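Here's a quick tour of a fold, taken piece by piece. Have the sequence and the 3D view open as you read.

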Amino acid sequence: AAAWKAFATWQHVPAEQRANYLHKACALMRRRKNEFNAWLVLEVGKSWAEAEADTAEAIDFMEFYARQALRYDAPQPLTPSPLKDEANEVRYIPLGVGIVIPPWNFPLAIFAGEVVAALAAGSPVLAKPAEQTPLIAARAVRIFHAAGVPPAVLQLLPGTGEVVGAALVADPRVRGVIFTGSTEVARLIQRSLAARPPGQPEARLIAETGGQ
């Protein structure tokens, strides 16, 4: 409910301003890279080299999507109309509240990438980190809040996938789900979204699957 209330204003925040929030978050994480590396070593047992790569990729995602927000906000190419009185345009609009469910093995890079993609597009996010990595996710969320992203626009909801994840996916107010994990769970999410009765808004699923 808080995310939908925030959507009323967040969807109208100019793309340039959303990108600036993401650039600020990127600068904050870059200055605290060693701290995030240490949490990756502690919480998931990565080597320092793997932790460095994970944090660096998170920073790259933040830079990339900040720039993509500006790219998609700009005028888009169109086939000219043969009719002199016809004016056409393409405009991208946000869907609404989205759910992000990242994996445990890249708990900062993929978490940041999926969260930032939605924020850049103007959609609020409820982020459900992998149950093994809530601390890294919490520190990443604090970075975004410190950069100016409103707390209601990015909310963290840790817990197990079977309980918290399933409840989020089943909520009819959710307009999109970004998931990285097993093919089996992705199919469960797909079936849950497809089972919505007529009259409820549809929800989109972006799933990156593998493993099993």
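What follows covers the sheet, one helix and the nonpolar cores, all in a predicted model.

## The sheet

Start with the strands. Five of them form an open sheet, and the order across it is β3-β2-β1-β4-β5, with parallel pairing. β3 and β5 sit at the edges, each pairing on one side only. Going from strand to neighbouring strand, the turn is 15 degrees on average, ignoring direction.

At one edge, β2 and β3 are parallel and share three bridges. If you want a spot to look at there, L126 stands opposite Q155 in β3.

## The β4-α8-β5 end

At the other edge, β4 (residues 176-182) and β5 (residues 204-210) run parallel and are joined by seven bridges. One pair to pick out is T180, whose bridge partner in β5 is E208.

How do you get from one strand to the other? Together with helix α8 (residues 183-194), β4 and β5 make a β-α-β unit, and that unit is right-handed.

## Helix α1, a helix with two sides

Now over to α1, residues 2-10. Which of its residues are buried? Those are A3, A6, F7 and W10. Looking down the axis of α1, you find the buried residues within an arc of 115 degrees, so they line one face of the helix. The spacing fits a general rule: an α-helix has 3.6 residues a turn, so residues three or four places apart point the same way.

Flip to the other side of α1 and you meet K5 and T9, which are exposed. As for what the buried residues of α1 pack against, the partners are α2 (15-31), α5 (109-120) and β3 (154-156).

## Two nonpolar cores

The largest nonpolar core counts 39 residues, and the ones with the most contacts inside it are L108, V115, L119, V125, F144 and L154. Elements giving two or more residues to this core are α1, α2, α3 (33-44), α4 (48-73), α5, β2 (125-127) and α6 (134-146). The top contributor is α5, with seven residues. Apart from this core lies another one, of 15 residues, with V97, F179, L193 and A203 among them.

V125 is a handy place to zoom in. Setting aside neighbours within four places in sequence, V125 is in contact with G98, V100, V115, A118, L119, V153, L154 and Q155. Of those, V115, L119 and L154 also appear, like V125 itself, in the list of residues with the most contacts inside the largest core.

Note on methods
Residues numbered from 1 in each chain as written. Predicted model: local features only at pLDDT ≥ 70, side-chain atom pairs only at ≥ 80, totals over all residues. Heavy atoms only, no water. Buried < 20%, exposed > 50% of the residue type's maximum accessible area, 1.4 Å probe, protein only. Helix = DSSP H or I, 4+ residues; strand = E, 2+ residues; numbered from the N terminus. Arc of directions from axis to C-beta. Contact = heavy atoms within 4.5 Å. Pairing = 2+ DSSP bridges. Right-handed = clockwise from strand over helix to strand, strands pointing away. Core = buried A, V, L, I, M, F, W, Y, C linked by side-chain atoms within 4.5 Å. Axes fitted to C-alpha atoms, helices over the stretch in contact; angles between N-to-C directions.
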